[in-house]
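Subject: Handing over the structure

Dear colleague,

I am passing on to you the structure that follows, and I would be glad if you kept it open while you read the notes below it.

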Amino acid sequence: MTLDWHVIWEYRSDLLQGFVLTLQLSLVAIAGASLLGTLVGCLRASGGFLARRLTALYVELLRNIPIVVKLFLAHFILGIDALPAGIAALILHQSAYVADVTAAGLRSVPSGQADAALALGLSRRRSFSLVVLPQAARAMIPPLTTQYTQIVKNSSVVMLVALQELTFMTQRVEHETFRGLEAATTATILYAALALAIAAAMASVERALERRAA
Amino acid sequence: MTSLLCRRVLCLVIALGVGAAASFAASPGLARSTLDVIRERGKLLAGVRFDAPPNGYVSPQGEIVGFGPDLARELARHLGVELELVQVTSKNRIPLLQSGQIDADIGTTTPTKTRDEVVDFSYVYVVDPTLILVRKGDSTDPADYFDSERRVGALQGSFYVGLWRQHSPAARILEYQELPELVVALAQGKVDVVPTMRSQAFGILEALGERAEGLAVGEAFFEDVMAIGLRENDSDWRDWVNWALQRLWAEGIYQALYKKHYRMDPPFALGDAGRLQPGVDKIAQERDPW
């Protein structure tokens with residue numbers, strides 16, 4: 001079997017367009033899932049009885065519903081347009097996992113740290129934001145990196161609602177040229193590049209947190 | 001964290017290297033005809049649709065029925081081998097054929113130049129008008145939708161994407177992965193029109209039953225032809241399939257099966273310029289089982 005890589009050059013604008021949409025979806029979903037997941041995780045770790053029960057229900061429900069089902073509910077049942085529905089599905093899906101990571105990270109900080117901060121005269125809010133959260137954040141970086149990489153991979157689900165992201169464009173190349181190996185290899189490289197960029201960015205954040213703590 | 005990153009990069013490089021090496025490894029070409037392979041194997045691997053009535057679908061009793069499966073049964077019978085029906089879709093039919101996992105794609109494939117560069121085709125064996133599905137009350141004239149303002153729905157990889165662009169280069173086409181989502185998108189107003197083949201349009205309305213009240217079948221604007229997909233450069237197998245189609249036509253079996261499933265006589269004449277090849281009904285050689 002001979003390979004024909006020039007088809008990738010012919011379809012470069014389609015593949016680039018798909019990559020840009022994947023990148024946009026991933027960045028927006030990472031930001032949204034981080035905000036929502038961190039809020040839910042904080043409530044789960046530190047909130048009152050009702051807050052902990054409600055957030056536990058939120059996490060269990062969203063983790064156990066496949067992202068495809070969330071997407072179909074948003075787009076075909078609730079009638080939300082394809083792009084917002086895709087972003088909402090990605091954010092809701094991954095926020096549950098981010099909430100779990102956040103709660104675990106907060107619980108990993110010894111309770112004595114918060115007690116000591118309070119004893120030194122810091123308010124509850126300042127002891128949480130200045131003492132507990134930075135320590136928890138260092139522990140959260142590796143699992144959060146994994147979650148963000150998941151968002152990149154899950155972003156391909158939006159092609160089910162006719163959004164033309166990277167996997168969609170890869171399939172277009174294959175359908176029109178039957179050069180599946182070349183198309184799949186190109187998509188692999190692009191997805192891997194995106195995932196490695198996220199890993200590198202998170203590694204930088206981890207080093208910055210470590211320097212700050214030192 | 002840095003060592004984790006390095007490990008990930010190393011894994012990626014190894015994976016790409018293995019993939020590249022595999023791609024350059026010599027793969028065996030088509031040494032023998034598929035006809036000989038089938039006879040030696042004792043089984044015909046026929047790719048058919050499970051989701052495209054009346055060409056190929058699963059009956060309520062769980063049987064694989066339709067014009068394609070029935071034709072495959074006739075071919076297997078005359079080859080004197082068993083039959084295995086393999087599900088094909090728009091996405092996998094060509095790769096399955098190229099990889100040898102099916103011997104023939106007896107589905108709903110339209111011969112196009114691009115496809116003909118990688119596989120071969122038999123005589124046209126189905127002619128199905130292409131018409132439009134619209135919402136009830138909307139125009140049923142396809143020409144009213146050939147403008148860039150209308151949203152067109154189609155399945156990704158289907159023939160209709162390119163066909164519609166020929167009529168309307170600036171059309172906004174939303175490509176879905178599966179037919180149910182496409183039909184729901186039309187019903188919900190996410191697309192304005194769906195080009196599809198006549199048999200599929202009526203099949204969709206029949207499957208929807210009362211829920212089809214909001215949909216309507218428009219006029220035809222193209223005649224879609226379909227042919228049996230075969231592996232590239234396998235002339236012995238292609239010749240046999242073409243002779244088989246002509247012999248079934250000469251015996252009247254072809255027309256009976258067509259009418260049974262498409263509910264109409266074939267709107268075309270099989271063969272070269274609509275004529276069967278002279279002597280096609282004669283069994284010539286041992287390698288031509290019938």
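I would begin in chain A, where Ser26(A), Ala29(A), Ile30(A) and Ala33(A) of helix 2 meet Tyr148(A), Ile151(A) and Val152(A) of helix 7. Sorted by character, the residues of this contact between helix 2 and helix 7 of chain A come to six nonpolar, one polar and no charged. Please bear in mind, here and in everything below, that this is a predicted model.

How do these two helices of chain A lie with respect to each other? Helix 2, which covers residues 12–46 of chain A, packs against helix 7, residues 124–154 of chain A, at an angle of about 140°, and their axes are 9 Å apart. Because an angle has to be over 145 degrees to count as roughly antiparallel, helix 2 of chain A is described as oblique to helix 7 of chain A. The crossing in which helix 2 of chain A passes helix 7 of chain A is right-handed.

Stepping back to chain A as a whole, you will find nine helices and zero strands, and the C-alpha trace spans about 70 × 45 × 25 Å along its principal axes. Of the 214 residues in chain A, 41% are buried. If you take the contacts in chain A with a separation of 6 or more, 76% of them are accounted for by residues 24 or more positions apart.

Chain B has both kinds of element, with 10 helices and 11 strands. Buried residues make up 37% of its 290 residues, and residues 24 or more positions apart account for 69% of the contacts in chain B with a separation of 6 or more.

One part of chain B that deserves a careful look is an open sheet of three strands, arranged in the order 2-3-4 with antiparallel pairing. Strand 2 (51–52) and strand 4 (64–65) of chain B are at the edges, and each has a single partner strand, so one side of each is left without a neighbour in the sheet. As a reminder, strands of a sheet pair through backbone hydrogen bonds, and they do so either parallel or antiparallel. Strand 3 of chain B, residues 56–58, pairs with strand 4 of chain B in the antiparallel sense over two bridges. Which residue stands opposite Ile64(B) in strand 4 of chain B? The residue in that position is Val58(B).

With best wishes

Definitions and conventions. Residues numbered from 1 in each chain as written. Chains lettered and ligands numbered in written order. Predicted model: local features only at pLDDT ≥ 70, side-chain atom pairs only at ≥ 80, totals over all residues. Helix = DSSP H or I, 4+ residues; strand = E, 2+ residues; numbered from the N terminus. Buried ≥ 20, exposed ≤ 12 C-beta atoms within 10 Å, placed from the backbone. Contact = placed C-beta atoms within 7 Å. Pairing = 2+ DSSP bridges. Axes fitted to C-alpha atoms, helices over the stretch in contact; angles between N-to-C directions. Parallel < 35°, antiparallel > 145°, perpendicular 65-115°, else oblique. Left-handed = near helix turned anticlockwise from the far one by under 90°. Nonpolar A, V, L, I, M, F, W, Y, C, P; charged D, E, K, R; others polar.
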